[in-house]
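Biologist: I should like to learn how to read the packing of a helical model. Could we take the features in turn, with the general idea before the case?

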Amino acid sequence: MDEIVKKKIEFEISQLDEHLSKSSLLVKKCEQDEPDYVELCAAGSILQSFYNGIENILLVISKNIDKKTPNQGKWHSELLLSMCKEAESRSAVFSESLYPILLDYMNFRHFFRHSYGYSMKWEKLSHLFLDIENNWDKIKNELFDFISK
């Protein structure tokens, strides 16, 4: 793998590590008590930023390794799906077992961008938020496996 591409991916990983580190207090609080409206909105923002960071990594891979720039219609979902499959220029970035987890985060990000905070329901996003650190560990491990090939 090109060293510049590897460095870009590692940078995005470090950004996500910092994002989750700064979010951990709210995650811990929400493990104990259901969030109020403001905390729920903050949790939604954290989840949106989390998937944005993951998608930034996918775009680096798509543009620099696959030599494709997604830009039509359902490109977000097509980009994610393509990263769970082998391509001519690379192995699969993520295992098939991670796809449904990543898809949940992507779908939530879409919902968050197109809705009002009051329409969020804790019972619908709690699994994403409370599992964010464990899911990030799985995602990050697979990303490190990918860039080490």
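Modeller: We may begin with the core, bearing in mind that this is a predicted model. In soluble globular proteins, nonpolar side chains tend to be buried together. Here the largest nonpolar core has 45 residues, and those with the most contacts inside it are Phe50, Ile54, Phe94, Leu125, Phe129, Trp136 and Ile139.

Biologist: Which elements give two or more residues to this core?

Modeller: They are α1 (3–32), α2 (37–66), α3 (75–83), α4 (99–113), α5 (122–130) and α6 (132–147). The largest share, 13 residues, comes from α2.

Biologist: With which residues is Ile54 in contact, leaving aside its neighbours within four places in sequence?

Modeller: Ile54 is in contact with Leu16, Leu102, Trp136 and Ile139.

Biologist: How should I read a pair of packed helices?

Modeller: Two packed helices are described by the angle between their axes and the distance between the axes. For α2 and α4, the angle is about 120° and the axes are 9 Å apart. An angle of that value makes α2 oblique to α4, and the crossing is left-handed.

Biologist: Which residues of α2 and α4 meet?

Modeller: From α2 come Cys41, Gly44, Ser45, Leu47, Gln48, Phe50, Tyr51, Asn52, Ile54 and Glu55. In α4 they meet Leu102, Tyr105, Met106, Phe108, Arg109, Phe112 and Arg113. By class, this contact of α2 with α4 divides into 10 nonpolar, 4 polar and 3 charged residues.

Biologist: Let us turn to α5. Which of its residues are buried, and what covers them?

Modeller: Trp122, Leu125, Ser126, Leu128 and Phe129 are buried in α5. Their cover includes α1, α2, α4 and α6.

Biologist: At what angle do α2 and α5 cross?

Modeller: Their axes cross at roughly 50° and come within 11 Å. That makes α2 oblique to α5, and α2 passes α5 in a left-handed crossing. Leu40, Ala43, Ile46 and Leu47 in α2 meet Trp122, Leu125, Leu128 and Phe129 in α5. The contact of α2 with α5 has 8 nonpolar, no polar and no charged residues.

Biologist: How do α1 and α5 pack?

Modeller: The angle between α1 and α5 is about 130°, with their axes 11 Å apart. These two helices are therefore oblique to each other, and their crossing is left-handed. On the α1 side the contact is made by Leu26, Val27, Cys30 and Glu31, and on the α5 side by Trp122, Phe129 and Leu130. By class, the contact of α1 with α5 has 6 nonpolar, no polar and 1 charged residues.

Biologist: My last topic is burial outside the nonpolar class. Does Lys140 count as buried or exposed?

Modeller: Lys140 lies in helix α6. Lys140 counts as buried because its relative accessibility is 17%, and the cut-off for burial is under 20%. Not counting residues up to four places away in sequence, Lys140 touches Ile13 and Asp17. Lys140 and Ser62 are 78 residues apart in sequence and 17 Å apart in space, C-alpha to C-alpha.

Biologist: Is Asn135 buried or exposed, and which residues does Asn135 touch?

Modeller: Asn135 also lies in helix α6. Its relative accessibility is 9%, so Asn135 counts as buried. With residues up to four places away in sequence not counted, Asn135 touches Ile101 and Tyr105.

Note on methods
Residues numbered from 1 in each chain as written. Predicted model: local features only at pLDDT ≥ 70, side-chain atom pairs only at ≥ 80, totals over all residues. Heavy atoms only, no water. Core = buried A, V, L, I, M, F, W, Y, C linked by side-chain atoms within 4.5 Å. Buried < 20%, exposed > 50% of the residue type's maximum accessible area, 1.4 Å probe, protein only. Helix = DSSP H or I, 4+ residues; strand = E, 2+ residues; numbered from the N terminus. Contact = heavy atoms within 4.5 Å. Axes fitted to C-alpha atoms, helices over the stretch in contact; angles between N-to-C directions. Parallel < 35°, antiparallel > 145°, perpendicular 65-115°, else oblique. Left-handed = near helix turned anticlockwise from the far one by under 90°. Nonpolar A, V, L, I, M, F, W, Y, C, P; charged D, E, K, R; others polar.
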